[in-house]
Amino acid sequence: MDFDKAVASIKAQSFEENKMTVAKQVLKGNYLNCAQIKTIMKLFSFETTKLDFAKLAYDKCVEKNNYYLINDAFGFSSSVDDLNEYIEGK
């Protein structure tokens, strides 16, 4: 996968919903590291979308032990709490 092209495709979308659709397509056939997941999260405008993507990406992360690294991509500590609850429930 060419990560830069994937990021450019997501960035090219005008609407949050469309960005998420492309991001899901990227996840479908690829595994990502924490830095790549955080990069994609930062392309979203809304906190809820960032959180949704972080949850979806968890299973496709090659370094789950470092998943805490994406916490600073959130604007609210409640999102970090929500993600941690999600991960602990897996």
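This is a chat about the helices, cysteines and a few single residues of a predicted model.

User: Let's start with helix α4. How far apart are its end C-alpha atoms?

Analyst: They are 17 Å apart. Helix α4 covers residues 47-58, twelve residues in total. At 1.5 Å a residue it should span 16 Å, so the two values agree.

User: Is α4 enclosed by the rest of the structure or not, and why?

Analyst: It is largely enclosed, because nine of its twelve residues are buried.

User: Which ones are buried?

Analyst: Glu47, Thr49, Lys50, Leu51 and Phe53 are among them. The others are Ala54, Lys55, Ala57 and Tyr58.

User: What do those residues pack against?

Analyst: Three helices: α2 (16-28), α3 (34-41) and α5 (77-88).

User: Lys55 is in that list. What does Lys55 contact, leaving aside its neighbours within four places in sequence?

Analyst: Lys55 is in contact with Asp82, Leu83 and Tyr86. Lys55 itself lies in α4. Its relative accessible area is 19%, and the cut-off for buried is under 20%, so Lys55 counts as buried.

User: Now α2 and α4. At what angle do their axes cross?

Analyst: At roughly 10°, and the axes come within 11 Å. The two helices are therefore roughly parallel to each other.

User: Which residues make the contact?

Analyst: From α2, the residues are Glu16, Met20, Ala23, Lys24 and Leu27. From α4, they are Thr49, Asp52, Phe53, Leu56 and Ala57.

User: How do they divide into nonpolar, polar and charged?

Analyst: Six are nonpolar, one is polar and three are charged.

User: And α1 with α2? How do those axes cross?

Analyst: They cross at roughly 160° and come within 8 Å. That makes α1 roughly antiparallel to α2. Helix α1 covers residues 3-11.

User: Which residues meet there?

Analyst: Ala6, Ser9, Ile10 and Lys11 are on the α1 side. Lys19, Val22, Ala23 and Val26 are on the α2 side. By class, this contact has five nonpolar, one polar and two charged residues.

User: Ala23 has come up before, right?

Analyst: Right. Ala23 of α2 meets α1, and Ala23 is also part of the contact with α4.

User: Switching topic. How many disulfides does the structure hold?

Analyst: Zero.

User: How far is the sulfur of Cys34 from the closest cysteine sulfur?

Analyst: It is 3.8 Å away, and that closest sulfur belongs to Cys61. A disulfide needs the sulfur atoms within 2.5 Å, so 3.8 Å is too far for a bond.

User: Remind me what a disulfide is.

Analyst: A covalent bond that joins the sulfur atoms of two cysteines.

User: Are Cys34 and Cys61 buried or exposed?

Analyst: Cys34 is buried, at 1% relative accessible area. Cys61 is buried too, at 4%.

User: Cys34 is in α3. How many residues of α3 are buried?

Analyst: Six of eight, and α3 is mostly covered. The buried ones are Cys34, Gln36, Ile37, Lys38, Ile40 and Met41. They pack against α1, α2 and α4.

User: Let's look at Gln36. What does it touch, leaving aside its neighbours within four places in sequence?

Analyst: Gln36 is in contact with Met1, Phe3 and Tyr31. Gln36 is in helix α3, and its relative accessible area is 18%, which is buried.

User: How far is Gln36 from Ile70 in space?

Analyst: Their C-alpha atoms are separated by 9.5 Å. Along the chain, the two are 34 residues apart.

User: Last topic, the other end of the scale. Is Lys28 buried or exposed?

Analyst: Exposed, at 70% relative accessibility. Lys28 is found in helix α2. Its C-alpha atom is 15 Å from that of Val7, which is 21 residues away along the chain.

User: And where is Gly29?

Analyst: In the loop between α2 and α3. Gly29 also counts as exposed, at 63% relative accessibility.

User: How far apart are Gly29 and Phe15 in space?

Analyst: They are 23 Å apart, C-alpha to C-alpha. In sequence, Gly29 and Phe15 are 14 residues apart.

Conventions
Residues numbered from 1 in each chain as written. Predicted model: local features only at pLDDT ≥ 70, side-chain atom pairs only at ≥ 80, totals over all residues. Heavy atoms only, no water. Helix = DSSP H or I, 4+ residues; strand = E, 2+ residues; numbered from the N terminus. Expected span 1.5 Å × (residues − 1). Buried < 20%, exposed > 50% of the residue type's maximum accessible area, 1.4 Å probe, protein only. Contact = heavy atoms within 4.5 Å. Axes fitted to C-alpha atoms, helices over the stretch in contact; angles between N-to-C directions. Parallel < 35°, antiparallel > 145°, perpendicular 65-115°, else oblique. Nonpolar A, V, L, I, M, F, W, Y, C, P; charged D, E, K, R; others polar.
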